[in-house]
Amino acid sequence: MGAFSFMDTLDLMRGDFKVFLACVWQQLGLPPPTRAQLAIADYLQHGPKRIQIQAFRGVGKSWITGAFILWILFNDPEQKIVIISASKERADNMSIFLQKLIIETPCLSWLRPKEDTSRWSRISFDVNCSPHQAPSVKSVGITGQITGSRGDLILFDDVEVPGNSMTEMQREKLLQLCTEAESVLTPKETSRIIYLGTPQTTFTVYRKLAERGYRPFVWPARYPKKLSGYEGLLAPQLVEDIEQGAEVWHATDPKRFDNDELLQREASMGRSNFMLQFMLDTSLSDAEKFPLKFSDLIITSVNPELAPDFLVWCSDPRNCLKDTPAVGLPGDRFYSPMAIQGDWEPYQEVICTVDPSGRGKDETAAAIMGQRNGFIYVPEMYATRDGYSDKTLLDILRMCKRYKATTLLIETNFGDGTVSELFRKHISQLKLNIAVEETRASVRKEDRIIDALEPVMNQHRLVFDQKVIDWDYSSNQDYPPEERILYMLFYQMSRMCREKGAVKHDDRLDCIAQGVQYFTEAMGISAHEAVKQRKQEDWKDMFDSFLDDPEAATNHLALGFSLDQRKKARGYVKGGPKWVTVKR
């Protein structure tokens, strides 16, 4: 399109939004609209009443839609528009953008409000229209006061961001807030609701909106390898290109981002993030792609010294921990045990497993893990980006001392044993009785983590303290939400699969897998067999005590003494796993 004379083309501008957009772009000193931008403009003008615009980052969705709002007012200044964004600041920025265009664009000068108007702010403003209770344009945050507003056009501009879509409960709340738009929309034939957005998670709310009749228009940055991931929602222009032989994985709008630029962005963002932000592909090829489920865990209060004989797992809705933040896949929640059975006895072994890292973006992670009767308990975790400084090592050793850990298990792939020697130095100085063991991985990380954790979790033998989940969710608060979530243990757990580089950071999860692998032999112990064996020992000792001293045995029985209490009363002490006679 060439340059337009505003006075000569008014009718053309009113009839075709693409012409209007070209004029606005010219006024802003921008190049002519690209093919993708014109396709979005066409869908805004001719699409159904409820639509979504999903296009790759940087295509200019918000600017195009801002121009569309002005085009609507250009045709009918009596229209009322409500702009809703994830934050009030972003919504206000759109409002300021529109005001600036009205003031500086010659063909829009007649839209400037009369001098006596009382509304001309970033929150709301009027154009040159009849007096009305509702402003011409109003901006509000998604969590702001939407109820009470009225609009002929409701625009949701990037309402899904990492901070409000991290967990399933947050996504449910966001979806509920989005549905309030139906009560705000004026009952006119021409009234519309428009969503602009880029998916932030694989389980974006935009998928749910598509199921509710909000028709998406999807324009990825490259021609996709598979159309199945777009569920028939790919922009018709791109479908036509593919049918005519467009080269797969090449740029769809090279004037905006060419192939070289897209390669650089993919390398810097990572594959999964690029697929969401630039390819808009939210599909999963296989529901079993992610084998580590929250629902297979047991969440309860873990005693630092004692553990029960047996925990009964269940996924009854009554045991669902609804208030516990779950950053996993949709429908995957944490559950408390249905029952805790048997006697409470000391852990058979307590270790501290450490996955060290140098200073930088990776974390040094440590976890306390105890084992009894084949159940593995995790009462506390620790993580820092401070490498293996003295403070980090001492913090981990203090944690070991609190939980009476007897073994420090360290992965030596990093530093080739240096970290182990530093730990030994501090252990000697603090005079702690902790053995240091080293482990070296020889299998690809993703396979090793899944092979260690999946069988144990499927048998419901991995038990976490509720405090670990709360600590994990609230950690790294100084970092932006999109970065914080990558470091969370349970995010890493839910997204781990056998693809190379499945998760960007896996330090916390690797630390847990390392400890579970250490206890693998213990997992062969049947909790039921252990209880049965203990009961046999109890009956045998009770029989022996009646033979030795019937009166004392009767008193012990009446007082409800346990096996250990009876042994101690009769002068035995525990020498390792066995009782040793001191006096009879």
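**Cysteines and cavities: worked exercises**

A search of the whole structure finds 0 disulfides (pairs of cysteine sulfur atoms within 2.5 Å). The model is predicted: local features need pLDDT of at least 70, side-chain atom pairs count only at pLDDT 80 or more, and totals for chains, interfaces and linings use all residues. Residues are numbered from 1 along each chain as its sequence is written, and side-chain values use heavy atoms, with hydrogens and water left out.

**Exercise 1.** Explain why cysteine 23 and cysteine 107 form no bond.

*Solution.* Step 1: the closest cysteine sulfur to that of cysteine 23 belongs to cysteine 107, at 6.3 Å. Step 2: this is too far for a bond. Step 3: turning to accessibility, cysteine 23 is buried (under 20% relative accessible area, 1.4 Å probe, protein chains only) at 2%, and cysteine 107 is buried at 9%.

**Exercise 2.** Describe the lining of the largest cavity by element and class.

*Solution.* Step 1: a cavity is a set of points on a 1 Å grid over the protein atoms alone where a 1.4 Å probe fits but cannot get out; lining residues have an atom within 4 Å of a point. Step 2: the largest cavity has a volume (space filled by probe spheres set on the points) of about 60 Å³. Step 3: strands being DSSP runs of E, at least two residues, numbered from the N terminus, β9 (306-312) and β10 (339-346) each supply at least two lining residues. The largest share, 4 residues, is from β9. Step 4: the lining comprises 9 nonpolar (Ala, Val, Leu, Ile, Met, Phe, Trp, Tyr, Cys, Pro), 3 polar and no charged (Asp, Glu, Lys, Arg) residues, polar being the others, Gly among them.

How values were computed:
Buried < 20%, exposed > 50% of the residue type's maximum accessible area, 1.4 Å probe, protein only. 1 Å grid on protein atoms, 1.4 Å probe; cavity = no way out; pocket = protein on both sides within 12 Å on 5 of 7 lines; lining within 4 Å.
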